[in-house]
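Student: Could you take me through a close look at one part of this structure? I'd like a connected picture rather than a list.

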Amino acid sequence: MYLISRYIKQNTATTVIFSGEGADELAQGYIYFRDAPNPIEAHNESVRLLKDIYLYDGLRADRTTSAFSLELRVPFLDIQFTNYYLSLDPASRQPQGGIEKYLLRSAFNDTNLLPSNILWRHKEAFSDGVTSIKKSLFHVIHDIVNACISDEELQKAHSKFPHCTPKTKEALYYRKIFEKYYKGQAENFVPYFWMPRWVKGISDPSARFIIHYAADVKNNQKENEKRLKI
C-alpha cells in the first residue's frame, strides 16, 4: 500500500482514494473462517477483528496513505453499514461452498457490474496476488530472509524478544527492522500476533499455510489450464 500510495501521489492529481479495508473482517473474507465451529463463533470473530483493526490493517492503511498526503475512504467500515451487516443472520454471513465473503459477493450477482469469474474467484494470498505465477513474492521474500537470518538466530529470538517472540525467520527479519527505529517499544505497538483461528500447527499468518488455500490454488490452476485449451 505504501508503494501504490507513492505512485498515486507522484503520477496523478488524486487526493481521495477508496480502499477495501474491513471487508475481510466484516464479511468473513479470511480463508480460516471456513473452519469456524458455528455461525456464532464466526460472528464473534468478525466483531473481534473489527474492534482491533485499528491496531493492524487499519493502522497500516492510515499510515501508508498519510505518508503521501492522501485521504483514505473505507466504505466497508462505515458505521451504519457495519452495524447493518452484523445484524443479519450469522449463518448467512458465513462462507458458502468454499467461497468466502459469500453474502457480499451475492449482492453483486447478476448485476453485470463485475465479470462472474472475478466476482466468484477464490481469495488469493497477498503475496500471490501481486506477483507473477512463476515466482511469488512469498518465495522472493523467503530467499532474502534465509540469506539474512540463521537457524541459530531464530532459536535465540525468545531471549532477545520475549514479547511477541518471532516464530519464523521472516517475522524475525521484520522485528529487527522495527527495533532499529522503535527500540523496546513493541509492547506499545503490538499487543499480540495477528494469527488465523481454528487452524492448528501453524506459526505463520499467511493464508498459504492453510490447507484450504492449497486446494484453491490447485483448482484455479486447473481452471486456467482449461481456459488456455479453449
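Student: How much space lies in the second largest pocket, and what surrounds it?

Tutor: Happy to! Keep in mind that this is a predicted model. The second largest pocket holds about 180 Å³ of space. Ten residues line this pocket, and those closest to its centre are His 142, Thr 168, Lys 169, Glu 170 and Asp 204. Sorted by class, the lining comprises four nonpolar, three polar and three charged residues. Two elements, α9 (137–148) and α12, each give two or more residues to the lining. Of these, α9 makes the largest contribution, with five residues.

Let's now follow α12, which spans residues 169–181. Ala 171 has its place in this helix. With a relative accessibility of 23%, Ala 171 counts as partly exposed, because the partly exposed class runs from 20% to 50%. Ala 171 and Ser 203 are 32 residues apart in sequence, while their C-alpha atoms are 9.9 Å apart in space.

Ile 177 is also found in helix α12. Its relative accessibility is 41%, so Ile 177 counts as partly exposed too. That residue brings us to the surface: Ile 177 forms a nonpolar patch there together with Tyr 174, Tyr 181, Tyr 182 and Phe 189. Together, the five residues of this patch have about 520 Å² of accessible area. Helix α12 gives the most to the patch, with three residues. To put the two views together, α12 gives residues to the pocket lining and also to the nonpolar surface patch.

Technical notes: Residues are numbered from 1 along each chain as its sequence is written. This is a predicted model: local features need pLDDT of at least 70, side-chain atom pairs count only at pLDDT 80 or more; totals for chains, interfaces and linings use all residues. Side-chain values use heavy atoms; hydrogens and water are left out. Patches are made of residues with over 30% relative accessible area and no salt bridge: like charges are joined within 9 Å, nonpolar side chains (Val, Leu, Ile, Met, Phe, Trp, Tyr) within 5 Å. Accessible areas come from the Shrake-Rupley method with a 1.4 Å probe; for residues, only the protein chains shown count as cover. A salt bridge is a side-chain nitrogen of Lys or Arg within 4 Å of a carboxyl oxygen of Asp or Glu. Helices (H or I, at least four residues) and strands (E, at least two) are DSSP runs, numbered from the N terminus. Buried means under 20% relative accessible area, exposed over 50%, partly exposed in between (1.4 Å probe, protein chains only). On a 1 Å grid over the protein atoms alone, a cavity is a set of points where a 1.4 Å probe fits but cannot get out, and a pocket is an open set with protein on both sides within 12 Å along at least five of seven lines; lining residues have an atom within 4 Å of a point. Grid points are joined across faces, edges and corners, and a volume is the space filled by probe spheres set on the points. Ala, Val, Leu, Ile, Met, Phe, Trp, Tyr, Cys and Pro count as nonpolar, Asp, Glu, Lys and Arg as charged, and the others, Gly among them, as polar.
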